Amino acid sequence: MLIETLIASVPMLTLILLMLVFKVKSHWSALITMLLAAVIACFFLPLTSAPTPNIPSLNYPLVGSSLAEGITKAIFPILGVIVMALFSYNILLASGEIETIKSHLSTICSHRSLLVLLITWGFGGLLEGIAGFGTAVAIPAAILVGLGFNPIFSASVSLIANTVFTDFGAVGITLYTLVAEFTGSTPSTSVLTDFSRLVIYQFMPLFFIIPFVILTFTDKQFLLRNIWITIIIALTGIAVQLVCVALFGYQTPSIVASIVSMAVIVIISRHLEPAKTKNEKHFSTRSLLKAWSVYILIISLILLSGGMIPDVEKFLHTCLVTELHFPSTGATFRLAWLGNSTLWIFIGSVAGAFIQGLDWKRILTVLSNTLYSLRYSALTIISLICMANIMGHSGMTASLAKGIVALTGPAYPSFAPVVGAIGTFITGSNTSSQILFGKLQANAAAALNLHNDTAIWLAASNITGGSAGKMISPQSIAIATAACKITGEDDRLMRKTLPYSLGYLLIICATIFAGCLLVH
């Protein structure tokens, strides 16, 4: 078993060494690791699903099928959602309306600490829920610097804030990816709902901690006030996310909770400082609707297609459905074209672009530039998903999970979030962490003989832990320093955020372990 576990760990260890030690670009690291996993699967490990596993020639069809399945899963819906989400943001850049949004945010809340909370927790959460991919760090950090805040402070507080709302980041694609890896197939609505609720429960302590940290990080003089503001914001966020999961599905919790949180922050700010300044800038309703049109349309379409009207949701998920079967792996891929978030984000972005004055030529230019800018990220994601598929179908992930469980024993649930954090730290993406380790968490749960609810709780910790790794991921820090124009200060910024990340992770580990005992 030891030899098998060591062989199974080679792809993961290679990925870590290439990215962190040898500083190889993420796309090349992922591609090399994928090819290495394919070689190991063909020649060094028996395939658990093969009729005669000791004959290497039978491994080739399974590896080929794993690659085909991985490419399909990467494009639909993961890459589709990421491309369209970033496309929606690039529309705002092309039209110039992002400047209106920035100015509007800076005028609707005059209190210093609440303004930082509004921009990082509220607007940053909205960006994470819709677009993800670093926008939730870059844009809030840049806005804060533009408002006169210290660059290191702006970068640090944006990184700290970009944690809790990653649970349903990029229209829920992070959670969807984990569930798909956990189940090994296209997940059902009921399973997605079960996972969503448990993820929210795991994040509950952090809903209270992160806003308090942001407020206190900004202004340490009013601790009591920060406490009661935090309680209101936390309870609001938790309640809205739970309601969204129950009514609309997994795509909307971060989006809607961020919007409601922004409204609550503004109300609190008006309560604390009700008088408006004479120089406060005013925006017409028309200009605000124009600036926010892309996001308004995207949110509306996602809500309408994601469960607000059950009959519409049923039609969208049963009409124009494509199913692909991969005989060598036994997997089935199912795609409802009309029920795919990619389509609705695209429609909302294009309609919003027209409202903001862009023509078809400019829109297509923005789209092509977005696709081109994501070429390396696409290669990374495709390679990682293919590698995860090969490792899963060849038995490597199961062997690795058994080895880790044998090493940690019943204490493994305490370490499960660390696995997710390592995945996000390496790749810079919580979604990629689910691709890497989602199946491993499922196999670990099986090795521990956990029943279904406990197994889901354990697997969900991969997202919760992943959010801690995102705070100090080299990619996230590079985005923050670039946005604040302090390139070269990466080490200083990491030292600033590392204590918060470690404390955050310890809280998650304690929560997961306690939850496993209670659920079990």
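A residue counts as buried when its relative accessible area is under 20%, as exposed when it is over 50%, and as partly exposed in between. By that yardstick Glu323, at 44% relative accessibility, comes out as partly exposed. The structure is a predicted model, and everything below is read from it.

Starting with the overall picture, the fold is built from 22 helices and two strands. With 520 residues, a compact globule would be expected to have a radius of gyration near 24 Å, and the protein, at 23 Å, agrees with that. Along the principal axes, the C-alpha atoms fill a box of roughly 80 × 50 × 45 Å. Burial applies to 57% of the 520 residues. As for how the chain packs against itself, take the contacts between residues at least 6 apart in sequence: 76% of these join residues at least 24 apart.

On the outside, the protein exposes about 20,600 Å², with carbon and sulfur atoms supplying 68% of that area. The charged side chains come to 26 positive and 19 negative, and the centres of the two sets sit 8 Å apart.

A search of the whole structure turns up six salt bridges. One of them pairs Glu69 with Lys73, with 3.9 Å between the closest N and O atoms. Both residues belong to helix H3 (residues 59-95), where they lie four residues apart, or about one turn of the helix. Lys73 also forms a salt bridge with Glu181, and here the closest N and O atoms are 3.4 Å apart. This second pair ties together distant parts of the chain, since Lys73 is in helix H3 while Glu181 is in helix H8 (residues 169-183), 108 residues away. Through shared partners, Glu69, Lys73 and Glu181 end up in one salt-bridge network.

How buried is this trio? Glu69 and Lys73 are both buried. For Lys73 the relative accessible area is 15%, so this residue falls in the buried class. Glu181 has a value of 4% and is therefore buried too.

The strands have a salt bridge as well. Arg334 pairs with Glu323, the closest N and O atoms being 3.8 Å apart. Arg334 sits in strand S2 (residues 331-336) and Glu323 in strand S1 (residues 321-326), eleven residues apart. Arg334 has a relative accessible area of 32%, so this residue is partly exposed, and Glu323, at 44%, is partly exposed as well.

Terms used: Residues numbered from 1 in each chain as written. Predicted model: local features only at pLDDT ≥ 70, side-chain atom pairs only at ≥ 80, totals over all residues. Heavy atoms only, no water. Rg over C-alpha atoms; globule rule 2.2 N^0.38 Å. Buried < 20%, exposed > 50% of the residue type's maximum accessible area, 1.4 Å probe, protein only. Contact = heavy atoms within 4.5 Å. Areas by Shrake-Rupley, 256 points an atom, 1.4 Å probe, with all protein chains shown as cover. Lys, Arg positive; Asp, Glu negative; His and termini not counted. Charge placed at Lys NZ, Arg CZ, Asp CG, Glu CD. Salt bridge = Lys/Arg side-chain N within 4 Å of Asp/Glu carboxyl O.
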